[in-house]
Amino acid sequence: MCCDICSKTAAILPISFAYIAMMGSNGLTNASRLAILNANYMAKRLEGHFPILYRGKNGTCAHEFILDLRPMTANSGIECEDVAKRLMDYGYHAPTMSWPVTGTLMVEPTESETKAELDRFCNALISIREEIAEIESGRASATDNKLKNAPHPASMVLSDDWSKPYSRQEAAFPAAWLSSFKFWPTTGRIDNVYGDRNLVTTIEAEADSQEEVA
């Protein structure tokens with residue numbers, strides 16, 4: 001009997017084959033061109049705000065580029081995880097963190113994204129860079145700020161207890177487009193390292209709760 005890993009790998013292969021077959025040689029070529037174009041467009045928009053690693057002789061990249069956050073970490077204490085969590089408040093899942101370089105974000109736009117969406121993501125990162133600048137200049141606390149406290153779920157923003165040095169709107173609606181389309185994170189900041197090292201189950205607690213209801 002085939003192992004579980006092999007069966008999952010086998011299930012993935014038809015998806016890849018179907019994509020290649022439907023796209024054809026011309027479609028795959030155009031998709032690659034668009035992915036490279038999108039990455040270079042975003043890198044150009046962000047180069048004035050973040051250092052970008054490993055660019056070619058002409059200042060270009062391939063289908064992905066790396067934002068170096070390490071200088072900002074040294075100046076503000078803000079790490080790439082803080083930026084990743086803050087992106088959730090802007091409605092985005094973060095790009096790859098700390099790979100292949102620790103303390104960086106690797107952005108890899110696909111060929112299917114519209115220019116409007118590329119600009120929206122760039123605007124979110126530029127806005128976050130401005131929030132980091134507030135910390136660097138001392139205008140915002142180095143420990144109690146919008147990035148260190150991110151993400152901000154509805155339960156936090158709607159709570160009667162709000163003692164943050166910034167407003168609820170700055171926490172949950174940092175960009176204008178969020179007023180008409182808002183993705184709410186389900187929970188606030190968690191201890192990732194603790195979660196990785198400690199297996200937690202809620203089955204027993206749920207069973208006890210069901211017995212109480214019965």
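The following exchange concerns a helix and two loop residues in a predicted model.

Colleague: How do you know that the length of helix H4 agrees with its number of residues?

Modeller: Helix H4 covers residues 115-136, which is 22 residues, and at 1.5 Å a residue these should span 32 Å; the C-alpha atoms at its ends are 31 Å apart, so the two values agree. Just after H4, Gly138 takes a positive phi of about 90°.

Colleague: Why is Asn145 called buried?

Modeller: Asn145, which lies in the loop between H4 and helix H5 (154-157), has a relative accessible area of 3%, and because buried means under 20%, Asn145 is counted as buried.

Colleague: What makes the approach of the Asn145 side chain to the backbone nitrogen of Lys148 a polar contact?

Modeller: The side chain of Asn145 reaches that nitrogen of Lys148 at 2.7 Å, and the cut-off for a polar contact is within 3.5 Å, so the distance satisfies it. The side chain of Asn145 also reaches the backbone oxygen of Ala142, at 3.3 Å. Leaving aside neighbours within four places in sequence, Asn145 is in contact with Ile78, Ile135 and Tyr166.

Colleague: Why is Thr187 called partly exposed?

Modeller: The relative accessibility of Thr187 is 43%, and because buried means under 20% and exposed means over 50%, with partly exposed in between, Thr187 counts as partly exposed. Thr187 is placed in the loop between helix H6 (168-172) and helix H7 (192-197).

Colleague: Which residues is Thr187 in contact with, leaving aside its neighbours within four places in sequence?

Modeller: They are Pro151 and Pro153; moreover, Thr187 and Ala154, 33 residues apart in sequence, are 8.4 Å apart in space, C-alpha to C-alpha.

Key:
Residues are numbered from 1 along each chain as its sequence is written. This is a predicted model: local features need pLDDT of at least 70, side-chain atom pairs count only at pLDDT 80 or more; totals for chains, interfaces and linings use all residues. Side-chain values use heavy atoms; hydrogens and water are left out. Helices (H or I, at least four residues) and strands (E, at least two) are DSSP runs, numbered from the N terminus. The expected span of a helix is 1.5 Å times one less than its number of residues. Buried means under 20% relative accessible area, exposed over 50%, partly exposed in between (1.4 Å probe, protein chains only). A polar contact is a pair of N or O atoms within 3.5 Å; within protein, one must be able to donate a hydrogen and the other to accept it, and residues adjacent in sequence count only if both atoms are side-chain atoms. Contact means heavy atoms within 4.5 Å.
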